[in-house]
Structure formats: structure tokens, C-alpha cells
Amino acid sequence: MTLRRRILFYYAVTLSFSLVIVAYWSWFEFNEQRDVVLHGGVEAALKESPLLESLEIILFGGLPAILLGIAGGALLMRQALRPIEKLTEALEKTDVSNLSTPVPRSGNGDELDRMTAVFNRMKERLGLSFTQAREFTLNASHELKTPLTIIHGTLEQMATNEQAAEVDRERAASLLEEVQRLSSIVGQLSFLARADAGLLPSARESVALDILVRDLAEETMILASGAEVSVTLGECQSVSVSGDKMRLRQLLLNLADNAVKYNERGGSIEMTLVRQNDDAVFTITNTGIALPAELRSRVFERFFRGDLAHNSATEGSGLGLSIAKSIVEAHQGAIGYNVLPDGRTQVVVTLPSPR
């Protein structure tokens, strides 16, 4: 039975019950009027007020019928909308991680069942597209590594060849920088593709996150010294997390590099690490030009750098925060980006740290 016919059937049943109630009370009133005529005659019947009789029919027959209609309509809408709510919940929970899991079908062949079947086919096509994109990125980055390595070696030899002309060595050095940048982007893309496919090797060990943060503060001071950016390590509590030490270090370095890269001369960077319940919370706050409100939700997208920051003076591929997000999610954590009221940019990383 189709959804339309089911709703029509339920609605007809509700109206029928309402009609039975009105008919029963009308019969009761007419039967009472007949008894009055039989026992008291016409004069007794004329003493009864037609308006009062009508009000009794409306009050004791029509009102229950209306209430039954409302209750039946509410139940009908609930039954009709329940499959839609379930489908909506399934749609809301759909992401890259569960494209291979079909949404359960009711099997009754109605419109919603057919819609679920269409949605499952769409999930299959999306899953195939994502798989093909991951495989292409993995294969392309793997195939590009060898020629890039050869080009890098050749240009390095040309740049250090004292017998070559000075102008040729300068050109080779310039090309070498671009090849190094391209190699870095290829490596980052390969990392993200492996992360999407769940192929990242991840050692699980107890990592003293506070030690990593203290080392990070010292390294960031060196990195930021050229831009005259001050680095401050605030509260740094002793916190350990379970994870891959090298990946966590890469996460922190990416965030620090981003804070230095998009800072301003004479600006500042502040880091803190605290425990909140069963979580380790790391925050890094920096000055600099903040992203407009309409662009902040895209800050973790790949290759996104923002219109204000996307210029030739600032190096980068726009993959640093995407890689950071992948590492955080691989450790069952969360990462957030916001702009403080004073205009500073803040990134907050939360990692599980059970006591």
C-alpha cells in the first residue's frame, strides 16, 4: 500500500468514528424527544427548546467527534512522519565514513521505501567516487615522487656546479625551490589520501603531551624570531594521551607554523595545555589578520587559505590545517577554530586523556 493510500485509509477511519459519535448522540436526542411526545404529548415536546437540544448535540456529540478527529489526525501524522524522520536522521548521519552502509528499508514498497532505495544507490555512487578520488590521489602522488626526486637531484647538481654560469645557477636554484614546494604538496596530498583511506600507521603509546608542547614553544620561538613575533607558553599542565608521538608532534608543528606564517610583524603567539575532565585541551592563540566570519567554517578545507591570506608573500599550500584535523580525528579528538573578541585567532585541540 502506498503512503498516500495509507494516509487516506487512516483518515477515513478517523472520520468514520467521528461520524458514529455524532450519529449516536443525535439518535439519543431524537429518541429522547420521541419519548417526551409519547408520554407528555405535543405540548410537552413544544416546551423543549430546539436551541438547547442543538447545543446538547454539539456539546455531547460534536465536541467528542472533533477531539477524536484531532487525536486521530495527530496519531495519523505521527505514523506518517515516523518513516520520514528515520530517513532524515539517516541522511544527517551520512558522511564519508559510512557511505558503504545502506539505510534500512521498510520493504512495503511505498514512496518512502523507494526513496530509501534511491538514496542507497546514491550513497553507492558517492562511495565509488570517493574511492576513485582517493586511489587517484594515492597513485598520482606515488608516481610523482620518482620524477620529482630526479628533477630535484638534477637541479641541485646544476645549482652547485661551479663551472656553470652564475645566471644558470641562479635559475637552477629558483627552480629547485619550486620543485621542493611541489614535493611538499605531493607529500601532503599523499598523507591526506592515506588518512582518508584509513591507511595511516598509528602507534599507540602513552605520550607526555606537556613535553611536546614545551619543545614546541622553544622551536616556535626560533621559527618566529625572524618576524619579531613573541611566543609565550602559558599554563602547561602535566597531561598524557594515548597516540602516535610523531603524528602528535606533526600536529603541533603544523599549528605553530600556521600561527607564525599568518601572524604580523611584532605580533604574539600564546600556547596553553590544560586538563578538562578526561580531556587534554591545547590552545594556540595568535595575532594577525583574522578570517571574515563567512569564511571561518571553511578553515579546515583542503587548499583553503582565505582571500586575505592568499597572496604570494605568504608561503603555503592550504593543507596544514587539513592535515592537523586528520591527525586529531585519528586520535578520536576534536579541533576547532574561532576568533576572539580582541581579534586574535585561536585553534583549540581536544584529545581524550583518561585518568
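Select helix α6, residues 245-261, and colour its buried residues: Arg247, Leu248, Leu251, Leu252, Asn254, Leu255, Ala256, Ala259 and Val260. Buried here means under 20% relative accessible area, exposed means over 50%, and partly exposed lies in between, with a 1.4 Å probe and protein chains only. Helices (H or I, at least four residues) and strands (E, at least two) are DSSP runs, numbered from the N terminus.

This is a predicted model, in which local features need pLDDT of at least 70 and side-chain atom pairs count only at pLDDT 80 or more, while totals for chains, interfaces and linings use all residues. Residues are numbered from 1 along each chain as its sequence is written, and side-chain values use heavy atoms, with hydrogens and water left out.

**Along α6**

Stay on α6, which has 17 residues, and set a distance from its first C-alpha to its last: the helix reaches 24 Å, close to the 24 Å expected at 1.5 Å a residue. The expected span is 1.5 Å times one less than the number of residues. At the N-terminal end, select Asp244, which caps α6 with a side-chain oxygen 3.0 Å from the backbone nitrogen of Met246.

**The cores**

Next, select Leu209, Leu255, Met271, Phe282 and Ile284, the residues with the most contacts inside the largest nonpolar core, which has 44 residues. A nonpolar core is a set of buried Ala, Val, Leu, Ile, Met, Phe, Trp, Tyr and Cys residues joined through side-chain atoms within 4.5 Å. Helix α6 gives this core its largest share, seven residues. Apart from this core lies another one, of six residues, among them Leu148, Leu155, Ala172 and Val186.

Which residues does Leu255 touch, leaving aside its neighbours within four places in sequence? They are Phe282, Ile284, Leu321, Ala324, Ile335, Val347 and Val349. Contact means heavy atoms within 4.5 Å.

**Helix α5**

Move to α5, residues 209-224; the 16 residues should span 22 Å at 1.5 Å a residue, and the end C-alpha atoms are 22 Å apart, which agrees. Colour the buried residues of α5: Leu209, Asp210, Leu212, Val213, Leu216, Ala217, Thr220 and Ala224. They lie on the same side of α5, because they cover an arc of only 145 degrees around the axis. The arc is that of the directions from the helix axis to the C-beta atoms. Turn to the other side of α5 to find Glu218 and Ile222 exposed.

**The strands**

Select β5, residues 279-286, where seven of the eight residues are buried. Strand β4, residues 268-276, pairs with β5 in the antiparallel sense over eight bridges. Two strands pair if DSSP finds at least two bridges between them. Gln276 stands opposite Asp279 in β5. The hairpin of β4 and β5 has two residues between the strands, and there Asn277 takes a positive phi near 60 degrees.

Now add β7, residues 345-352. β5 and β7 run antiparallel and are joined by eight bridges. One pair to pick out is Thr283 and its bridge partner in β7, Val348.

**Ser353**

Step into the segment after β7 and select Ser353. Is Ser353 buried or exposed? Ser353 is buried, because its relative accessible area is 0%. Ser240 is 113 residues away in sequence, yet the two C-alpha atoms are 6.3 Å apart in space. The side chain of Ser353 reaches the backbone oxygen of Ser240 at 2.5 Å. Beyond its neighbours within four places in sequence, Ser353 is in contact with Val239, Ser240, Val241, Arg275, Asp278, Asp279 and Ala280.

**Helix α3**

Select α3, residues 111-159, and in this helix pick Thr116. Thr116 counts as buried because its relative accessibility is 7%. Leaving aside neighbours within four places in sequence, Thr116 is in contact with Leu87, Val103, Pro104 and Arg105.

Asp113 is also in helix α3, and Asp113 counts as buried at 3% relative accessibility. Show its side chain together with that of Arg105: a polar contact of 2.8 Å joins the two. A polar contact is a pair of N or O atoms within 3.5 Å; within protein, one must be able to donate a hydrogen and the other to accept it, and residues adjacent in sequence count only if both atoms are side-chain atoms.

**The whole chain**

Finally, zoom out to the seven helices and seven strands of the protein. Buried residues make up 33% of the 355 residues.
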